[in-house]
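Hi,

Here is the structure I promised to pass on. Have a look at it first, and then read my notes underneath.

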Amino acid sequence: TMNSSVRVRFAPSPTGPLHIGGLRTALFNYLFAKQNKGTFVLRIEDTDKKRYVNGAEKYIEEALEWVGIKSEEGPYRQSERKDLYKNHIQSLIDKGLAYYAFDEAEALDGHRKSHEAKGKTFIYNWHNRLKLENSLSLNKEEVEKKLIANEKHVVRFKSFENKTIVCKDLIRGELSVESKLLDDKILYKSDGMPTYHFANVVDDHLMNISHVIRGEEWLPSLPLHSMLYDAFGWEKPKFAHLPLILNPKGKGKLSKRDGDKLGVPVFPLLWNGEKGDLLGFREEGYLPGALTNFLALLGWNPGTEKEIFSMNDLVKNFDINKVNSSGAKFDVEKLKWFNHKYLQLERNEKIADHLICSYQELKTMKKELVISAVELTKERANTLNELWSLCSYLFIAPVNYNEKTLKKVSKDGTIETLNELSKKIEAINTFKENEISKLIKSWINESGKGFGNVMQPARLALVGELKGIDLYVIFEFLGKEESLSRLSALSKKIKTSLQ
């Protein structure tokens with residue numbers, strides 16, 4: 001059903017570069033919003049001052065922009081909304097649904113240790129809250145005195161004592177948990193900032209969020225969030241918890257370490273961190289469309305054979321009810337396959353733009369040349385970086401030659417052959433591939449030199465090794481002058497090696 005009151009949000013914390021799982025969460029929110037003619041809101045959850053990382057917020061915005069996810073609203077920042085949270089926490093305290101807790105860290109630690117010694121787990125909740133130091137166990141005057149003296153304290157949620165909390169999830173169905181097993185979560189920290197959970201719920205309500213679509217790691221917080229909505233008397237949004245992205249072996253969440261082992265990034269863009277640079281998919285030569293197509297199919301199954309989905313196709317076909325609840329394996333080979341497909345589908349001009357952006361050596365080249373190099377080499381490339389290694393010799397003359405081949409061709413006869421070839425090349429008027437091919441082939445036949453004896457050194461001269469596209473096409477691409485210059489460079493090199 002179309003629903004223009006659909007409002008979703010992507011709410012990352014600026015604690016470092018955006019992980020690929022976060023990017024997928026943003027994508028699923030965006031697709032759902034677009035599909036329902038709704039609104040996609042970006043909210044930066046920066047209440048955790050200790051973990052705040054400079055540059056992370058800008059990184060998140062740039063990553064979303066790179067893959068084509070635009071937010072209609074935001075970015076809102078929680079650090080700029082402190083007054084809103086203050087008023088709302090006060091209302092819970094006034095209703096007797098939240099309370100001040102003055103327990104010192106050491107005291108709580110002591111309780112934990114003594115419980116452990118008895119083989120129990122210490123939980124701060126209904127069965128011991130009156131024995132601890134808080135506004136439920138102390139009398140009013142004591143509490144007033146502590147607050148006036150600015151004694152360090154937190155605000156805790158007075159979680160319900162004997163309730164079955166039933167939560168609905170669009171992907172996982174119904175989940176229920178007994179409230180007596182839950183602890184009295186901290187809603188306000190001693191630094192006067194709300195915790196993630198409290199700010200999150202208040203914001204989702206105030207921003208009229210209709211659907212909360214987020215990663216599976218938030219599932220354990222769902223009962224608390226549910227109780228908070230009930231405590232405020234607010235209507236709950238619909239929840240959907242997306243499956244984890246697992247490493248290719250399917251053993252645990254995809255981590256940076258997994259990425260390093262596989263030689264693939266786990267971040268969309270380059271991140272200049274304190275521990276060095278972390279490469280992103282952009283820098284490794286992946287196209288944004290291929291990445292979003294690949295990510296959309298991690299956890300969602302269209303139920304058909306179709307695999308290639310543009311962003312518009314995704315908006316049309318995506319179905320939140322068809323998202324799986326079990327983890328999705330990150331298959332590197334599949335991602336490369338998508339990227340290969342996208343390189344073939346993409347206009348060569350656009351690919352040329354990507355290359356010119358990424359490689360200094362191309363900045364001064366005519367764009368037409370770069371486009372034609374792309375056309376000649378892209379069908380063998382999986383990534384832009386591979387594409388560059390397949391076509392770079394068309395722009396940069398070899399400085400080093402493949403040693404084995406160089407040894408093989410280093411003999412007097414080769415220098416003579418290269419000089420004769422140069423004379424033939426010099427004499428060609430129409431420097432086009434078919435003309436060059438015709439003249440050189442007939443010269444080889446007449447001279448009886450044998451194809452390999454001419455073609456191997458010629459290819460080594462132009463490419464630096466025995467690889468690359470059709471030799472006559474390379475000649476035409478380089479033009480007469482550059483071709484001659486490369487043939488003579490190899491002659492010199494062989495001369496020196498023979499002396």
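Below is what I found, going through one sheet and then some of the helices.

Before you start, keep in mind that this is a predicted model.

Let's begin with the sheet. Three strands make it up, in the order β4-β5-β8; the sheet is open and the pairing is antiparallel. At its edges sit β4 (98–101) and β8 (186–188), each of which pairs on one side only. On average, neighbouring strands here are turned by 45° against each other, if you ignore direction. If you want to zoom in, go to β4 and β5 (residues 154–157), which run antiparallel and are joined by four bridges. One pair to click on is Y99 and its bridge partner in β5, R156.

Next, helix α9, which spans residues 288–296. Eight of its nine residues are buried, so the rest of the structure largely encloses this helix. The buried ones are P288, A290, L291, T292, N293, F294, L295 and A296. And what covers them? The cover includes four helices' worth of places to look, among them α1 (20–35), α2 (56–67) and α11 (332–345); β11 (245–246) and α10 (311–317) are part of the cover too.Helix α13 (residues 367–377) has another arrangement to look at. Its buried residues are V370, A373, V374 and T377. Looking down the axis of α13, you'll see these buried residues fall within an arc of 100°, so they line one face of the helix. The general background is that an α-helix has 3.6 residues a turn, so residues three or four places apart point the same way. On the other side of α13, E368 and E375 are exposed. As for neighbours, the buried residues of α13 pack against α12 (348–358), α14 (384–391) and α19 (471–498).

Last, a helix pair. How do α17 (residues 433–447) and α18 (residues 451–463) pack? Their axes are 9 Å apart, and the angle is about 135°. That angle is why α17 and α18 count as oblique to each other. In the contact, K441, W443, I444 and N445 from α17 meet F451, V454 and M455 from α18. Sorted by type, the residues of this contact between α17 and α18 are five nonpolar, one polar and one charged.

Have a click through these spots and write back with any questions.

Cheers

Notes: Residues numbered from 1 in each chain as written. Predicted model: local features only at pLDDT ≥ 70, side-chain atom pairs only at ≥ 80, totals over all residues. Heavy atoms only, no water. Pairing = 2+ DSSP bridges. Helix = DSSP H or I, 4+ residues; strand = E, 2+ residues; numbered from the N terminus. Axes fitted to C-alpha atoms, helices over the stretch in contact; angles between N-to-C directions. Buried < 20%, exposed > 50% of the residue type's maximum accessible area, 1.4 Å probe, protein only. Contact = heavy atoms within 4.5 Å. Parallel < 35°, antiparallel > 145°, perpendicular 65-115°, else oblique. Nonpolar A, V, L, I, M, F, W, Y, C, P; charged D, E, K, R; others polar. Arc of directions from axis to C-beta.
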